[in-house]
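User: Please justify the secondary-structure and burial labels assigned here. I would like each value set against its definition.

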Amino acid sequence: MLYIADTRERGRALREEIESRGIPAWYVELWGNYIVATPPGSKVEGLKTPVKAVVDLKNDYQLVSRQWKRDPTPVKIGDREIKEGKIFIIAGPCSVETEEQILSTAKVVKEAGGDALRGGAFKPRTSPYTFQGLGERGLVLLAKARDATGLPITTELMDPEDLPLVAKYADAIQVGARNMQNFTLLKKLGRAGKPVLLKRGFGNTIDEWLLAAEYVALHGNGDVVLVERGIRTFDKTLRFTLDVGAIAYAKQQTHLPVIGDPSHPAGDRRYVIPLALAILAAGADGLIVEVHPDPDKAWSDAKQQLTFDQFRELVAKARELARALGRS
């Protein structure tokens with residue numbers, strides 16, 4: 001249940017009144033609203049504090065639902081904005097490796113028309129023997145690339161204890177598939193003051209994905225971008241199964257931006273461009289894609305990263321498709 005107040009003072013008073021009746025309540029200020037959220041179905045009658053509106057939602061994800069907030073929510077990353085009607089492209093290497101690698105990639109991403117630079121400084125890897133990222137050195141190099149090109153930067157956060165460090169450098173923070181249900185991390189990101197790119201876990205349902213976004217919003221951060229990146233199914237042809245239906249569903253059910261990651265479901269650069277176009281055709285607001293100056297020599301995810309020429313081709317085709325769909 002959502003209770004909308006017309007002032008901050010009334011919102012806080014409303015929370016106190018509801019809690020005094022033994023019902024859990026959270027007060028948040030999001031998207032220009034003063035909101036008190038309670039568990040779904042917990043309607044409180046006879047409130048003394050004035051209420052502007054009461055929203056009774058049937059699903060467990062309430063704040064991020066389009067049922068009450070019909071207008072789409074834009075999310076600003078640096079000086080750029082992810083919003084409905086436009087295509088936002090985030091690109092860069094899986095991992096930051098060297099200064100030359102990240103700077104050359106950033107320049108191509110900008111020249112080709114990309115909107116933001118991605119790069120991993122802390123990497124979750126299945127094998128403990130593989131490259132785990134440069135840590136703070138990688139963040140420093142990402143910041144150098146931002147200074148050189150003007151592109152805002154996004155990078156993954158794994159450990160909640162590293163949040164102050166990552167927030168110091170990043171314009172937006174990625175939550176990887178393995179951490180989608182790291183609830184301690186999600187709560188802290190709700191208070192981080194940075195936009196969040198929330199990847200769907202490869203073993204999670206769509207509703208679990210939206211509830212993970214609800215965690216971030218309920219703790220004070222409404223700047224959440226949903227990222228579909230493929231799920232594990234019985235089919236082993238590609239690395240993961242790209243769920244374009246999830247994109248269409250999320251766009252209908254939530255007011256948050258939805259983008260897609262074609263690199264991880266493809267697992268092979270030959271299939272990244274077709275999957276990227278499918279993501280956009282399904283209604284996504286953008287892409288996050290891996291690109292590297294010499295993919296075959298990449299320190300991680302070598303097989304799926306695009307070459308510079310392939311990335312230029314992807315951007316050109318994405319813009320052409322966007323125009324055909326009446327977007328820009």
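User: How do you know that the length of helix H3 agrees with its expected span?

Analyst: The expected span of a helix is 1.5 Å times one less than its number of residues. Helix H3 (residues 136–149) has 14 residues and should therefore span 20 Å, and its end C-alpha atoms are 20 Å apart, so the two agree. Helices are DSSP runs of H or I with at least four residues, strands are runs of E with at least two, and both are numbered from the N terminus. This is a predicted model, in which local features need pLDDT of at least 70, side-chain atom pairs count only at pLDDT 80 or more, and totals for chains, interfaces and linings use all residues. Residues are numbered from 1 along each chain as its sequence is written, and side-chain values use heavy atoms, with hydrogens and water left out.

User: What makes strand S3 mostly covered?

Analyst: Buried means under 20% relative accessible area, exposed over 50%, and partly exposed in between (1.4 Å probe, protein chains only). In S3 (residues 33–37), four of the five residues are buried.

User: Why are S1 and S2 each said to pair with S3?

Analyst: Two strands pair if DSSP finds at least two bridges between them. S1 (residues 2–5) and S3 have four bridges, in the antiparallel sense; Ile4 has Ile35 of S3 as its bridge partner. S2 (residues 26–30) and S3 have five bridges, also antiparallel, and Tyr27 is bridged to Val36 of S3.

User: Which residue in the turn of the S2–S3 hairpin has a positive phi?

Analyst: Trp31, at about 55°; two residues lie between the strands.
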